[in-house]
Amino acid sequence: MTILDKIIAYKLKEVAAKKDAIPTRLLERFPLFKKETKSLAEILQSSTTGVIAEHKRRSPSKSVINDRVLSHEVVTGYEEAGATGISILTDANFFGGSLEDLLVTEKHTSIPILRKEFIIDPYQIYESKAYGADAILLIAACLSSEELKQYSHLAKSLNLDVLLEIHKLEELEKSLLPNVDMIGVNNRNLKDFKVNIDTSKKLSEHIPDDFVKVSESGISEIKTISDLKTYGFQGFLIGENFMKTENPGESAKLFISSM
Ligand SMILES: O=P(O)(O)OC[C@@H](O)[C@@H](O)c1c[nH]c2ccccc12
């Protein structure tokens, strides 16, 4: 069983319990459900930097990255640093995140927020909207073609942008859907956690130009970004490189200001 299989099995149980606690019809009554969302894809297209800074306390590959920092300090720091968007990992069990982190971010910042979660049920898309997300992540490795189609359609009907994550060419075919705004190439293999930036470079030529291209994971140098830009990437998802430092907002500021 790979870690991804483990996460999916856990998510199925987690979502079943959540549906009992707060049914979809209640989520639809949350005040933020009516919030006007901001398009991450649009902002990335007009940004010259394109950094999506991620809040991530832990990960299955590295265990603790930063358990001390308060999320509101991190996210306001990210916004002040000039990040184009913020990614919030809401998974508690493997990444130490929460929906509370999403609420805090919504309250304290005004740039687009990506909810980073292992989405395996439409319920989580309603939940993302109810807790203030502007965009969601769908992972091709976790979902069938039919699910990807259905979930991206639902997200768009709620005005949420869709970032669809792929790691290999076979996953791209089922990901070229009308309701997908951005295609993210994860440089990290979720099966063995190995990171290779060449994954983005290799897959870039196969991604049609009508999708905003995002490169995810393992980015720690500005020259990597300049290089990826020549392959058509406009978004760069960075977590650990900022989170592992004492002051993630300050690290993001140093990084972005020297781009
Ligand atoms: O911390 P990094 O190496 O900068 O990576 C950030 C982000 O890309 C990574 O957290 C991520 C990419 N896709 C995911 C899917 C689920 C959980 C996490 C992720």
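**How H4 sits against H5, and the barrel behind it**

User: This is a predicted model, so which hand does the crossing of H4 with H5 have?
Analyst: H4 passes H5 in a right-handed crossing.

User: Which residues make that contact?
Analyst: From H4, Ser71, His72, Val75 and Thr76; from H5, Asp101, Val104, Thr105 and His108. By class, that contact has 2 nonpolar, 5 polar and 1 charged residues.

User: Why is H4 called oblique to H5?
Analyst: The two axes come within 9 Å and cross at roughly 45°. That makes H4 oblique to H5, because angles under 35 degrees count as roughly parallel and 65 to 115 as roughly perpendicular, with oblique left for the rest.

User: What makes the sheet a barrel?
Analyst: Its 8 strands run E1-E4-E5-E6-E7-E8-E9-E10 and close up, with parallel pairing. On average, neighbouring strands are turned by 25° against each other, direction ignored.

User: And where does H4 pack on the sheet?
Analyst: H4 (residues 71-81) touches strands E1 and E4, and its direction makes about 175° with that of E1. Angles over 145 degrees count as roughly antiparallel, so that value falls in the antiparallel class.

User: How do you know that E4 and E5 pair?
Analyst: Pairing takes at least two bridges, and E4 (residues 85-89) and E5 (residues 113-116) have 4, in the parallel sense. Leu89 stands opposite Lys116 in E5.

User: What surrounds the ligand?
Analyst: A shell of 14 residues, the closest being Glu216, Ser217, Leu237, Gly239 and Glu240. The shell divides into 3 nonpolar, 5 polar and 6 charged residues. Strand E10 (233-238) and helix H11 (240-243) each supply at least two of them.

Notes
Residues numbered from 1 in each chain as written. Predicted model: local features only at pLDDT ≥ 70, side-chain atom pairs only at ≥ 80, totals over all residues. Near = placed C-beta within 6 Å. Helix = DSSP H or I, 4+ residues; strand = E, 2+ residues; numbered from the N terminus. Nonpolar A, V, L, I, M, F, W, Y, C, P; charged D, E, K, R; others polar. Axes fitted to C-alpha atoms, helices over the stretch in contact; angles between N-to-C directions. Contact = placed C-beta atoms within 7 Å. Left-handed = near helix turned anticlockwise from the far one by under 90°.
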